[in-house]
Amino acid sequence: MKRLTVEEMLAFNKYVVDDEANHITLNRELCAACQNKACVYVCPAGLYTLKDGEINFDDAGCLECGTCRVICPQAISWQYPRGSFGVIYRYG
Amino acid sequence: MAEDKFTAIVVGAGPAGSTAAYLLAREGLDVLLIEKGDTPGSKNMFGGRMYSYALNRIMPDFWEEAPLERPVAREIITLMDDEKSVSVTYRDENWLHPPYHSWVLLRADFDAWLASKAEEAGALLACNILVDDVVWDGDRIVGIQAGDDQLLADVVICADGANSLLTEKAGLRNRLLPHQVATGFKQVIELPPETINQRFQLNGSEGVAQLFAGSCTRGMQGGGFLYTNKNSISLGLVIKSSDLQHNQYYPAELLEDFKAHPTIAPLVADGREAEYSAHLVPEAGLEMAPRLFGSGILAAGDAAGLVINLGYLVRGMDLAIASGEAAARTVIQARTNNDFSAEGLSIYQQFLQETAVLTAMETYRQAPRFLDNRRLYEVYPALATGLLSRMFTVDETSPVHLMTKALNELKKNEMGLTRLIGDAWKGGRSL
């Protein structure tokens with residue numbers, strides 16, 4: 001089978017994207033000072049990427065697992081999406 | 001205000017919450033079941049299998065109407081390195097007759113169905129509502145806050161899953177720590193039922209549950225899983241979150257590597273990926289369990305950390321359902337006594353014992369500690385595949401006896417017999 005990128009994997013899913021509110025926000029100062037940037041390597045959705053040494057992040061595509069919240073309570077402020085928004089699993 | 005007060009507000013329409021709501025509604029109590037998803041189940045995922053006994057106790061013969069995929073007929077445990085794999089297979093015909101031992105299922109359908117049973121029994125189901133916080137009156141919890149709305153109840157049941165924000169806000173537990181949870185992620189891959197039956201040697205509607213350990217997690221604590229649905233395969237990995245944190249692998253790439261492994265590739269070939277999902281798994285057992293109750297509040301299911309992972313067997317949904325039952329019995333008792341204080345709700349412990357939830361958690365208390373051993377994910381899979389390779393490979397070199405092969409393989413993996421026996425002893429006593 002063709003090897004999939006994480007973007008292709010996320011494209012199988014159904015989402016209702018919340019254009020008005022982010023459910024995950026980062027403390028950019030802490031992120032800039034962070035050495036290991038583990039968020040990049042724990043997110044199953046690959047939403048944390050490195051661009052010129054800085055964290056690039058968008059919560060659209062989030063699978064709402066909460067792993068980033070658990071590994072980085074310092075810089076990551078995490079809520080579930082507002083009611084009716086976010087991922088909608090059709091299989092689960 | 002009084003007329004708007006519920007006996008119980010259940011937060012989360014998963015297996016624990018819907019079971020509790022169903023049983024409470026059946027007793028004629030006013031129950032509000034709140035779900036943040038568009039429909040119950042739409043935010044939920046798991047590996048793939050539910051042990052039947054817990055639901056069968058509450059809804060006898062549930063399989064006659066529940067949306068289920070396949071009853072498990074075969075268990076397979078596979079140890080693997082990048083080129084080799086060793087499997088143990090167990091098949092049991094008894095599991096294909098009532099009370100079917102376990103079922104592969106998909107949560108979107110199943111959870112929606114279970115919540116509909118609660119609704120039919122008289123529970124009020126409210127979807128698309130995110131509960132932000134609990135409402136306090138002094139030191140007791142008297143309801144929930146969702147946006148601008150405050151809803152009051154004698155008791156709140158937190159059944160909001162592994163990543164439960166509510167149990168934290170209610171002061172039942174501290175933040176989850178990375179070593180207490182694992183991250184599970186999977187793809188659902190569609191295939192025709194006949195193809196699935198041929199590839200997995202299955203008859204008719206029966207299914208298989210397969211767990212993997214070894215190179216699929218690159219030495220990190222965890223493993224792979226595969227469950228056969230009717231028209232698809234659930235294939236995924238579960239890896240301790242602290243291990244993901246301290247390594248530099250990408251979960252999605254690990255899953256694609258796993259899919260491409262020579263043992264897996266022919267099983268999923270020509271399939272069509274239909275979904276990619278992820279979820280936390282509370283894996284630290286009783287060590288991470290929150291306080292299970294407080295004044296005006298109970299925690300059930302994943303939110304209460306009720307998961308048992310033995311490496312060769314994983315239990316979550318059965319404990320969720322059984323704890324939902326225990327929570328309902330607690331509320332019914334508390335209402336009879338008109339005492340929803342922490343003391344009044346403390347009988348929850350006893351009901352959790354009676355439904356064998358806490359006794360099981362207690363039996364396997366040491367399992368998380370035993371499983372926190374890198375040898376299980378690196379050395380032993382390599383030992384097993386290496387030994388079998390020595391057994392089955394014939395070449396021009398002078399052969400040696402089996403015992404020598406085994407000792408050579410141990411030496412190659414820098415393993416002493418004492419350590420092997422020590423691990424076996426600990427495993428035997430904790431799993």
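Which domains does the domain assignment give for chain B? Keep that in mind as you look at the picture, and remember that you're looking at a predicted model. The assignment gives domain 1 (2–69 + 105–173 + 289–355), domain 2 (179–282) and domain 3 (371–430). Notice that domain 1 is written as three stretches of the chain, with domain 2 sitting in the numbering between 105–173 and 289–355.

Now let's see how domain 1 and domain 2 of chain B meet. Their C-alpha centres lie 28 Å apart. Where they touch, 13 residues of domain 1 of chain B are in contact with 17 residues of domain 2 of chain B. If you sort the domain 1 side of this meeting place by class, you'll find six nonpolar, four polar and three charged residues. As for confidence, the average pLDDT in chain B is 96, and 99% of its residues score at least 70.

Time to move to chain A. Four helices and six strands make up its secondary structure. Walk along its sequence and you'll meet them in the pattern α-β-β-α-α-β-β-α-β-β. How compact is chain A? Its radius of gyration is 14 Å, close to the 12 Å that the globule rule gives for 92 residues, so chain A is as compact as a globular protein of that length. You can also picture a box around its C-alpha atoms: along the principal axes, they fill roughly 40 × 35 × 20 Å.

What about the inside of chain A? Of its 92 residues, 38% are buried. Then look at which residues meet each other: take the contacts in chain A with a separation of 6 or more, and 65% of them are between residues 24 or more positions apart.

Finally, let's put the two chains together. Here 32 residues of chain A are in contact with 45 residues of chain B. Which helices of chain A each supply at least two residues of the side that touches chain B? They are α1 (6–10), α3 (39–42) and α4 (67–71). The element that gives the most to this side is α4(A), with four residues. By class, the side of chain A that touches chain B has 20 nonpolar, seven polar and five charged residues. For the complex, the predictor gives an ipTM of 0.98 and a pTM of 0.97.

Definitions and conventions:
Residues are numbered from 1 along each chain as its sequence is written. Chains are lettered from A and ligands numbered from 1 in the order in which they are written. This is a predicted model: local features need pLDDT of at least 70, side-chain atom pairs count only at pLDDT 80 or more; totals for chains, interfaces and linings use all residues. Two residues are in contact if their C-beta atoms, placed from the backbone, lie within 7 Å. Ala, Val, Leu, Ile, Met, Phe, Trp, Tyr, Cys and Pro count as nonpolar, Asp, Glu, Lys and Arg as charged, and the others, Gly among them, as polar. Domain bounds come from an automatic or database domain assignment. The radius of gyration is taken over C-alpha atoms; the globule rule is 2.2 Å times the number of residues to the power 0.38. A residue is buried if 20 or more other C-beta atoms lie within 10 Å of its own, exposed if 12 or fewer, and partly exposed in between; C-beta atoms are placed from the backbone. pLDDT is the predictor's confidence in each residue, from 0 to 100.
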